[in-house]
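Biologist: Could you show me the structure, so that we may discuss how its elements are arranged?

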Amino acid sequence: MDDPDPLVIRKADPAGLTAARSKRMQTAITTVEHCLGLWHSFIAAATNHPLHIAVTTPDDPDSDTAPAVSAHLDTDQGHLHLQVPRSLVDEPPSRLAARILDVVVPAIVVHAENHPHEQPPAFWVSTQAWQPPADEPEPGIRLEDLLDGDALLIARHDGTPAGADSRERTLDDYLCEQLESPGIAVRDGALTTDTTLSWTLELLNSD
Amino acid sequence: MTFWLDPYTRFKSLTGVDPVLYERMRSVSTEVAERVTRCFAGSAWLRRRFPARSYVNMRLLPGSDATVGVELLKTKGGGGPNGPKAIRCDLRIPASWLAEPGDGLLGLRLFQAMLHALHAIGEHYVIGMPAAVGPGADRGDPEVWDPFDPPPPPLSYADINAHLERLAASLSPNHLLLAVKEPTSAAVVRQCREVSEALGTVVDQHTLSAPNAKATAWTIQTPS
């Protein structure tokens with residue numbers, strides 16, 4: 001399914017802004033875009049009616065109330081007009097961006113409620129039948145179980161329980177002496193199969 | 001990205017909500033909290049009043065109310081006056097949200113509800129709202145997961161394991177095999193060389209490949 005971009009923010013109109021304010025405004029918008037980008041798949045899943053956001057920076061209203069970002073939503077047209085009073089543009093862009101998010105998020109919710117996706121998708125996991133994990137992991141060497149920074153050391157034995165035992169004891173002593181005492185690596189788990197012995201080695205940083 | 005927001009969803013029995021719907025809220029709120037965490041500089045915000053590593057513990061409680069409600073609870077935290085605190089709040093959300101199909105709208109509504117709760121915390125503790133985080137501040141955080149898409153197939157090591165078994169079966173009694181997953185960091189490569197040199201002499205190197213996984217192994221000849 002090729003959904004159009006669910007959310008488009010037009011560049012703020014720099015008319016009437018000083019260069020410094022225009023730059024701060026643009027940084028704030030970039031931050032808002034970045035944050036909303038994290039919600040892209042949620043927005044696309046909630047509505048397939050795109051929303052275009054325009055930002056203008058009018059003069060501060062002549063009133064005693066603190067200046068605030070205001071939003072005018074035309075949900076049928078898919079237009080959201082944000083008005084950022086000019087004095088707010090003097091705030092740090094990360095603060096201004098938070099203020100813009102405060103009004104944009106409720107507007108997106110209203111828009112999605114008015115224009116819900118006809119077949120709203122669910123999370124992938126909830127649409128799939130649950131599959132039980134494989135009964136028992138395959139015996140033997142399983143490199144996938146190795147953590148980053150670990151290595152697997154493998155040796156062969158003669159195939160008899162006594163042979164495996166004696167080889168394991170000899171090698172345990174050898175690894176202890178050559179790797180653990182000098183602080184190169186430590187053994188972290190051992191496994192014996194019909195023909196092999198293996199050790200998980202945690203590699204130690206020698207720096 | 002620092003942890004600062006914990007959506008606490010372990011109160012299934014308390015809410016009396018259908019367990020299936022509660023599970024849905026749990027999985028969606030996890031993804032929502034992950035994104036809220038990235039959207040806001042929450043640690044710096046909490047530092048205006050609380051010790052380092054403090055976090056918001058948000059208990060999501062679906063109920064019969066039609067609107068979102070926030071109730072702040074006593075903060076909790078051990079470790080003395082400078083230990084991290086849990087700033088606790090109950091976030092009541094309409095259970096009717098959970099009955100509507102589609103996880104997109106539910107996620108956006110939970111986002112809005114969490115913003116509401118952050119405001120309530122900011123007002124109560126006089127710390128305002130956290131600043132939004134721009135694109136420059138990611139510091140190499142992994143990309144967010146798209147929960148609407150299938151996850152990438154798990155790496156398959158079956159071929160590599162079989163190859164290692166064959167190599168192991170052909171080892172001489174004085175040989176050892178050292179194996180690591182690729183890609184390896186420079187540090188791991190260096191550490192493997194140290195291990196090999198401590199155990200003996202490398203006499204062979206093997207590159208093992210599977211359709212979407214890779215590994216390297218070295219045959220080491222030991223002195224005895």
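Modeller: What follows is a short discussion of helix packing and of a sheet in this predicted model.

Biologist: How are helices α1(A) and α3(A) oriented to each other?

Modeller: Two packed helices are described by the angle between their axes and the distance between the axes. The axes of α1 (residues 19–37) and α3 (residues 93–114) of chain A come within 8 Å and cross at roughly 50 degrees. Angles of 35 to 65 degrees are neither roughly parallel nor roughly perpendicular. The two helices α1(A) and α3(A) are therefore oblique.

Biologist: How many residues of the contact of α1(A) with α3(A) are nonpolar?

Modeller: On the side of α1(A), the contact includes Ala28(A) and Val32(A), and on the side of α3(A) it includes Leu96(A) and Ile100(A). Of the contact residues, 1 is charged, 3 are polar and the nonpolar ones number 9.

Biologist: Which strands of chain B stand at the edges of the sheet?

Modeller: The open sheet of chain B has 4 strands in the order β1-β2-β4-β3, with mixed pairing. A strand at the edge has a single partner strand, so one side is left without a neighbour in the sheet. The edge strands are β1 (5–8) and β3 (69–72) of chain B.

Biologist: Which residue of β4(B) stands opposite Leu72(B)?

Modeller: Strands β3(B) and β4(B) (residues 86–94) pair in the antiparallel sense over 4 bridges. Opposite Leu72(B), in β4(B), stands Cys89(B).

Biologist: Which strands does helix α2 of chain B touch?

Modeller: Helix α2(B) (residues 19–39) packs on the sheet, and its direction makes about 170 degrees with that of β1(B). The strands touched by α2(B) are β1 and β2 (55–63) of chain B.

Technical notes:
Residues numbered from 1 in each chain as written. Chains lettered and ligands numbered in written order. Predicted model: local features only at pLDDT ≥ 70, side-chain atom pairs only at ≥ 80, totals over all residues. Axes fitted to C-alpha atoms, helices over the stretch in contact; angles between N-to-C directions. Parallel < 35°, antiparallel > 145°, perpendicular 65-115°, else oblique. Contact = placed C-beta atoms within 7 Å. Nonpolar A, V, L, I, M, F, W, Y, C, P; charged D, E, K, R; others polar. Pairing = 2+ DSSP bridges.
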